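User: I'd like a close look at one thing here, the way the helices pack on one another. Please walk me through it in one go, and then place it in the rest of the chain.

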Amino acid sequence: MAERRLLVLFGSQTGTAQDTAERIGREAKRRHLRCRVEALDSCDVANLIHEPLVVFVCATTGQGDPPDNMKAFWRFLFRKNLPGGSLCQLDYAVLGLGDSSYPKFNFVAKKLHKRLLQLGGNPLLPVALGDDQHDLGPDAVIDPWLVALWDKILALYPLPPGLEIISPDVRLPPKYTLRYLPEDSPHPDSDLLWPPAPRAAPCELQPFAARVLSNQRVTAQSHFQDVRLIEFDIAGSGITFSAGDVVMIQPQNCPEDVQQFCQLLRLEPHRRFVLEPTEPGTPLPPLLPQPCTIQYLVTHYLDISCVPRRSFFELLASFSTNELEREKLQEFSSAQGQEELYSYCNRPRRTTLEAMWDFPHTTCAIPADYLLDLIPRIRPRAFSIASSLLAHPERMQILVAVVRYKTRLSKPRRGLCSTWLASLNPVQGDVRVPLWVKKGGMKFPADPATPVIMIGPGTGVAPFRAAIQERVALGRRGNCLFFGCRYKSKDFYCQAEWEELVTKGLLTLFTAFSRDQEEKVYVQHRIRENGRLLWELLSSGNAHVYLAG
């Protein structure tokens, strides 16, 4: 009988596609299939020719772009020299996650499906197009599609005699076991020290621990929005960047939340453990030291402030010994309960930690072994770099608006990364932030004579500050900036810097302060007023136009 094995590959930017891929992995285990779930860029594409059965789950980001963790796979798959029938032994299915309010809705999934077909693959089902805009979210498409998928797969690979599908009431084993180390075992403090500066360029798996040099508020104290200009020391990191590039920052949970979480789950923060995979061959999660403390796991790894997904409630329900709580959790994890879940979680932006408070009997029954199945890892955040190495060698600056807003919940919502960054005080000693750099989508013209028109209201001005610093250092003129904010006196970022460049004749600046007069004035009004100048730059100067929000 053919080997019953399935490979689930995902391309995920925000974690939704990964969450869906892991759901498919769990459903495969219930059908006694050997199943691996991996990011597309973690798998060796050349081995696809040996895979009998693959399900691809991919999101589409931005303007029809593939997520970061499938870019290498994407480049390989569209190589012209791949022979037509190279995937003729492959049965496959593609599940797309997108948002129909964008013009290139589910572009990646559609294009992938078509390409696999060209290479000789055999589709088990038409491509599924999950849509964020649907009242029930992508699950409206995913749920029925998966029912059809399992019918197809079980027709090809029937259950072995004597085996039944494992009922949803039976809890699957965890991915890892936490093996606690004896309290008195010797322990180096290595798990709490930063890894040494990597020899290769820093990346997600080997970030550089950059020292914070300054953290300065650039809005007036009376202004509602707290915006910071933060400077890092990147000497010795091997990091290089140019205007338009992006820095990725790995944030951490605040101490109060970590303490609350440990109390709720009755965990001892200083206990040390090693992770052991339940199934041989499962890789250990990267970025977690071995051995590790509970404190480190909860601070640096578990995303306890994210809005929990349906899969969280599904697993949580299986631990519940309290009938009332279990019924509610089962409702949240059912197809019928999705609208209710949306208004409980997504609309008010309720965090995982807050949801746990609402189910106290269930929460204190969560076995520590399941923590990594229950709660996703903290994802890195992207910021436009707001400085140039030509103006500030061995330094990097970012402009950060601290995210804080109200929903119907009594406690204001706070952005995990921006709140953490704003709290860092370099005066209190050696404060470090794990970071690495990614190429940005903005490329500035190589020809020094080409004028550049930049439109950057609010913190959207960050990449243009880097570009202007870079262009001024290279002696390039033709720098034109449209900047907008609310008040000249409260949130006019980098005002002195811009005014000095204007005085020197190196920058043409147009400002729009929307609330400084009766009628609101925005950058688009200034663009219209200066239409003649812009048209001249575009028609005879061949100017490039850049816009950042």
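Analyst: Let's start with a bit of vocabulary: a crossing of two helices is called left-handed if the near helix is turned anticlockwise from the far one by less than a right angle, and right-handed if it is turned clockwise. Keep in mind that you're looking at a predicted model.

With that in hand, go to helix α14 (residues 462–473) and helix α15 (residues 495–503). Their crossing is left-handed. The two axes come within 12 Å of each other, at an angle of roughly 35°. On the α14 side, the residues that touch are R465, I468, Q469 and V472; α15 answers with E497, W498 and L501. Sorted by class, this contact has four nonpolar residues, two charged ones and one polar one.

Next, move to α7 and α8. Helix α7 covers residues 310–319 and helix α8 covers residues 323–332. Here the axes are 8 Å apart and the angle is about 145°. The crossing of α7 with α8 is left-handed too. The contact is built from R310, F313, L316 and A317 of α7 together with R326, L329, Q330 and F332 of α8. By class you get five nonpolar residues, one polar and two charged.

It pays to stay with α7 a moment longer. This helix is mostly covered, with eight of its 10 residues buried. The buried set is R310, S311, F312, F313, L315, L316, A317 and F319. So that you can line up the two lists: R310, F313, L316 and A317 touch α8 and also count as buried, under the 20% cut-off for relative accessible area.

The pair with the other handedness is α1 with α4, whose crossing is right-handed. Helix α1 takes in residues 16–30 and helix α4 residues 139–156; the axes are 12 Å apart at an angle of about 30°. That angle makes the two helices roughly parallel, because anything under 35 degrees counts that way. From α1, the residues in the contact are T20, R23, I24, E27 and A28, and they meet D139, I142, D143, L146 and W150 of α4. This contact has five nonpolar residues and one polar residue, along with four charged ones.

Just past α1 there's a backbone detail to look at. H32 sits in the loop between α1 and β2 (34–39). Its phi is near 60°, a positive value in a residue that isn't glycine. With 27% relative accessibility, H32 counts as partly exposed.

R266 has a similar feature: its phi is near 55°, again positive in a residue other than glycine. You'll find R266 in the loop between α5 (255–264) and β11. At 65% relative accessibility, it counts as exposed. Strand β11 (272–277) then leads on to another loop, the one before β12 (292–293), and that's where P291 lies. The peptide bond from Q290 to P291 is cis, with omega near -10°.

One more helix deserves a stop. V523 belongs to α16 (residues 523–529), and at 12% relative accessibility it counts as buried. What does V523 touch, leaving aside its neighbours within four places in sequence? Its contacts are I455, P457, F482, F483, G484 and A512. As for C254, 269 residues away along the chain, its C-alpha atom is separated from that of V523 by 37 Å.

Now step back to the whole chain. There are 17 helices and 21 strands, so the pairs above are a selection from helices that are numbered from the N terminus. The radius of gyration is 26 Å, which agrees with the value near 24 Å for a compact globule of 549 residues. Taken along the principal axes, the C-alpha atoms fill a box of roughly 85 × 60 × 50 Å. Buried residues account for 49% of the 549. And if you take the contacts between residues at least 6 apart in sequence, 76% of them join residues at least 24 apart.

Methods: Residues are numbered from 1 along each chain as its sequence is written. This is a predicted model: local features need pLDDT of at least 70, side-chain atom pairs count only at pLDDT 80 or more; totals for chains, interfaces and linings use all residues. Side-chain values use heavy atoms; hydrogens and water are left out. Axes are lines fitted to C-alpha atoms, for helices over the stretch in contact, and angles run from 0 to 180 degrees between N-to-C directions. Helices (H or I, at least four residues) and strands (E, at least two) are DSSP runs, numbered from the N terminus. Angles under 35 degrees count as roughly parallel, over 145 as roughly antiparallel, 65 to 115 as roughly perpendicular and the rest as oblique. Contact means heavy atoms within 4.5 Å. Ala, Val, Leu, Ile, Met, Phe, Trp, Tyr, Cys and Pro count as nonpolar, Asp, Glu, Lys and Arg as charged, and the others, Gly among them, as polar. The radius of gyration is taken over C-alpha atoms; the globule rule is 2.2 Å times the number of residues to the power 0.38. Buried means under 20% relative accessible area, exposed over 50%, partly exposed in between (1.4 Å probe, protein chains only).
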